[in-house]
Amino acid sequence: MLRIRTFPIVTFALFIILFPWVARIIPGIGHYPDLMIFAGIYCLMTIGLSLLMGYAGQISLGQAAFFGIGAYVSGILTATYGLNPWLGMVIGMIVAALVAVIVGVPSLKLHGHYLAMATLAFGIIVFIIFNEEVELTGGPDGMTGIPVLSLFGFAFDSLEKYYYLVWVFVFAAFIFTINLIQSRSGRALRAIHASQAASNAMGINVPRFKIMVFVYSAILAALAGSLYAHYLNFINPTTFDLFFSIKLLIMIALGGMHEIWGAIIGAFLVTFLSFEWLHFFEEFEVIVYGFILLVVTIFLPHGLVGIPHIIKDWLRR
Amino acid sequence: MNELRTENILEVEDVMMAFGGLTALINLNFQVESGIIKAIIGPNGAGKTTLFNVITGTFPPTEGAIRFKSHLIQNLKAHEISRLGISRTFQTVELFTNMTVLENVMVGCHTRIKSAFIAEGLRLPQIKKKEAQMRDRAMEILKFIGLDDKYSESADSLPLGERKILEIGRALATEPELICLDEPAAGLNETETRAAADLIRRIKERGITVLLVEHDMKVVMDISDHIMVLNYGEKIAEGSPAEVQNDSRVIEAYLGSEEENHASD
Amino acid sequence: MEEFTFTSQLFQYLITGLTVGSIYAMVAIGFNIIYNVTEIINLAQGEFVMLGGLIMVFLHVAAGLPLLLAFPLTVILVTLVGMLLDRLAIRPIRQPSVLTLIIATIAASIIIKGIAMFIWGKDPFDLPAFSGRVPIHFMGAVIQPQYFWVGGFLVATVILLTFFFEKTITGKAMSACADNPDAASLVGINVKHMILLSFALSAAIGAVAGITVTPISLMEYDRGAMLAIKGFGAVVLGGLGSFPGAILGGLIMGTIESFGAGLVHSGYKDAFALIVLLAVLFLKPSGLLGSIEISKIKKF
């Protein structure tokens with residue numbers, strides 16, 4: 001039965017709440033809350049991607065585009081036009097949703113490699129646009145001067161404040177998604193993954209559901225992009241390239257795409273690999289990523305969250 | 001509403017189905033009376049599953065019309081037809097193997113008990129009520145088909161006989177008026193076959209019309225009220241079990257196909 | 001006078017387009033060979049092209065081996081990489097599904113690219129043209145002799161492959177595998193060997209493409225991804241699995257890209273091929289020469 005237990009969620013929430021204090025005390029990890037902000041931003045994306053790929057069984061290799069759309073819409077509306085950042089964030093999500101519908105309607109009719117390549121091509125086209133429309137986006141040099149977020153005069157200008165802001169969003173998205181999974185829509189998505197023919201026969205409007213989950217993942221990615229832009233106050237196109245879409249894939253493959261916790265675990269691990277543990281390899285960390293992805297695909301197709309099941313099965317013998 | 005048993009729940013008019021150069025159904029005309037069990041039989045390749053696919057909206061017929069309770073449905077999509085009240089099972093059992101027995105049937109409740117995406121995400125109180133509703137409805141069906149003790153097991157852990165029954169249960173959850181069963185007895189042993197046949201009779205007792213594709217002649221003769229025989233996509237006979245059994249064209253069609261099988265020896 | 005130069009401009013774009021298109025065609029042929037035998041789309045296909053160019057640079061330029069020796073040696077080495085790809089990334093997968101195979105080939109391409117960056121760095125490298133760089137002037141266009149080498153190798157590849165698949169026993173065995181692997185293995189064909197061979201062949205063809213194109217457009221470690229995507233575009237344009245389709249698709253793809261880059265805005269050059277890919281996928285996924293039945297029967 002797909003009961004997602006509340007106890008781990010509460011424990012995790014406590015961990016997140018208390019972590020900045022812990023980080024102040026223990027030497028050497030004082031900078032970890034900064035990493036955790038990135039982890040949270042990535043979690044927003046992996047949660048959506050896990051629902052799309054793990055539960056509904058659709059492939060998207062272009063999520064970086066939606067991340068970028070959120071970031072650039074927020075950036076342009078606030079830095080260039082002085083709009084309220086919260087409004088900019090909402091508009092970013094709306095734009096991402098519209099783009100997702102336009103791209104999704106023809107793409108989600110495809111399957112397998114065709115769908116993967118369509119989303120991949122879309123992601124690269126958006127990346128090229130970010131690079132080429134210099135007047136709008138600042139081109140390869142990027143865009144600076146993106147303001148800080150503030151609410152009723154309370155500015156999220158310190159690391160800790162932003163940390164809690166991001167994680168409030170992450171938990172909201174996490175719980176919303178878990179609720180979806182355990183409801184009629186979640187079952188419909190899993191049904192679509194198992195058998196589209198039977199889903200149709202049960203009255204599930206398959207194309208509509210696919211679009212809905214695709215749009216949902218796009219909205220979350222755009223939200224992540226806006227939060228990213230307002231954190232760094234600077235964005236440039238290389239953040240939103242093909243390799244980032246692949247990194248997201250690595251996150252959910254490593255964590256495990258068939259369970260929502262895999263999204264969290266994967267995002268955390270890859271964040272720490274990126275910012276901390278793979279420093280030794282410098283730019284050759286890509287080779288490590290490739291190996292991780294390959295090893296996971298061959299030996300751990302259900303990701304790290306699948307390990308308890310493997311152990312259980314093994315003990316039964 | 002006039003609910004005489006002589007009213008036709010399904011009417012198939014001049015239906016033709018062609019795939020490229022291959023014609024699977026030719027000039028098909030028949031009706032299904034409300035409330036009966038009608039079997040469609042015929043040698044392999046006669047077009048029976050294609051007929052099911054056309055009726056349930058997997059693809060539209062190349063030509064012709066299909067009327068369900070006076071709605072024209074031949075151009076509707078599968079999920080729309082399901083909502084109108086036709087449900088089906090598949091020749092190759094298409095269960096949702098990534099879910100439990102209970103969840104499979106709950107998916108069947110999809111069209112009758114609805115909830116909105118955002119309300120679900122926020123887990124509003126009405127969602128909890130609807131979930132309970134779906135759960136109760138699904139358990140009721142599981143009791144009806146005899147699988148309620150296995151509700152929490154994974155669907156793919158069931159033996160074939162029970163999987164077929166589960167698939168029927170899932171189809172019943174859509175509250176159909178017409179249920180199309182594609183070879184419900186295929187691959188089953190005697191006990192399982194009897195259980196399936198018994199279930200089909202009980203479905204009829206509930207007032208649901210059953211359209212049945214089946215190769216097991218004993219089952220067909222036992223439970224059907226009416227039989228239609230297809231060969232090479234055409235209807236070659238129709239009538240009560242006794243009439244069809246003695247129809248020379250039917251005998252020839254089956255013997256003829258046997259001869260083909262022997263000729264290649 | 002201006003009209004003349006405009007036409008010659010167009011002709012220039014055409015020539016460049018056909019040359020680039022020949023490369024895409026070779027990548028597409030490589031895709032099709034593997035796909036026909038295994039139903040796998042090898043997203044690392046572009047890396048074979050990249051390796052062909054860079055290894056040739058190493059052997060011919062750095063190590064000073066003569067062209068006639070370095071060329072086949074490069075092809076052999078890249079072929080080995082292709083075989084390693086099958087053995088280490090594809091064959092070990094216990095429950096292959098479309099998604100896991102996509103991820104595996106992506107992982108392989110990242111690893112290969114990373115290793116290439118480690119060995120050769122990020123700079124582009126050049127190769128001496130096979131027959132010099134004295135340009136040929138024809139109808140106002142400037143044609144590098146190397147263009148003819150590219151086209152020539154495409155033709156040679158097509159001829160050799162046709163001969164292989166239709167006249168040799170191994171080739172016919174591979175075609176049989178492509179048609180019906182179960183029947184093929186019943187008749188005694190070792191399907192695993194055929195798969196390995198398909199990867200080897202695709203890698204070899206990719207290497208040839210890389211070697212011949214480097215004198216024209218240089219080669220660097222990260223060229224593989226876009227080559228693979230555009231090559232895939234050529235594949236779907238021509239019709240997945242279709243040999244003549246790959247050639248047609250590649251040439252058309254290259255020509256569209258060349259005209260697009262020349263006439264519109266070269267910053268968006270890569271976008272043209274991608275838009276063609278999307279257009280084909282959205283409007284006619286079976287491609288120009290593929291059939292709808294095949295595209296419905298195959299899993300995707």
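Trainee: Let's start with helix α8 of chain A: what do its buried residues pack against?

Mentor: In chain A, they pack against α2 (32-55), α7, α9 and α10, and in chain B against α3 (101-108) and α4 (117-122). Helices here are DSSP runs of H or I with at least four residues, strands are runs of E with at least two, and both are numbered from the N terminus. This is a predicted model, where local features need pLDDT of at least 70 and side-chain atom pairs pLDDT 80 or more, while totals for chains, interfaces and linings use all residues. Residues are numbered from 1 along each chain as its sequence is written, with chains lettered from A and ligands numbered from 1 in the order in which they are written.

Trainee: How many residues of α8(A) are buried?

Mentor: Buried means that 20 or more other C-beta atoms, placed from the backbone, lie within 10 Å of a residue's own (exposed: 12 or fewer; partly exposed: in between). Ten of the eleven residues of α8(A) qualify, so the rest of the structure largely encloses this helix. Among them are R184(A), R187(A), L189(A), R190(A) and I192(A).

Trainee: How many residues does each chain bring to the contact between A and B?

Mentor: Residues are in contact if their C-beta atoms, placed from the backbone, lie within 7 Å. Chain A brings 24 residues and chain B brings 31. On the chain A side, α7 (159-181), α8 (184-194), α9 (196-201) and α10 (206-232) supply at least two residues each. Our helix α8(A) gives the largest share, eight residues. That side of chain A divides into 13 nonpolar residues (Ala, Val, Leu, Ile, Met, Phe, Trp, Tyr, Cys, Pro), three charged (Asp, Glu, Lys, Arg) and eight polar (the others, Gly among them).

Trainee: Now for strands. Which way do β9 and β10 of chain B run?

Mentor: Strands pair if DSSP finds at least two bridges between them. Strands β9(B) (residues 226-231) and β10(B) (residues 234-239) run antiparallel, joined by five bridges. In one of these pairings, I227(B) has G239(B) as its bridge partner. The two strands form a hairpin with two residues between them, and Y232(B) in the turn has a positive phi of about 50°.

Trainee: And how many helices and strands does chain C have?

Mentor: Chain C has twelve helices and two strands. Read from the N terminus, its order is α-α-α-α-β-β-α-α-α-α-α-α-α-α. Of its 300 residues, 53% count as buried. Look at its contacts too: among those with a separation of 6 or more, 75% link residues 24 or more positions apart. Along the principal axes, the C-alpha atoms of chain C fill a box of roughly 65 × 50 × 35 Å.

Conventions
Contact = placed C-beta atoms within 7 Å.
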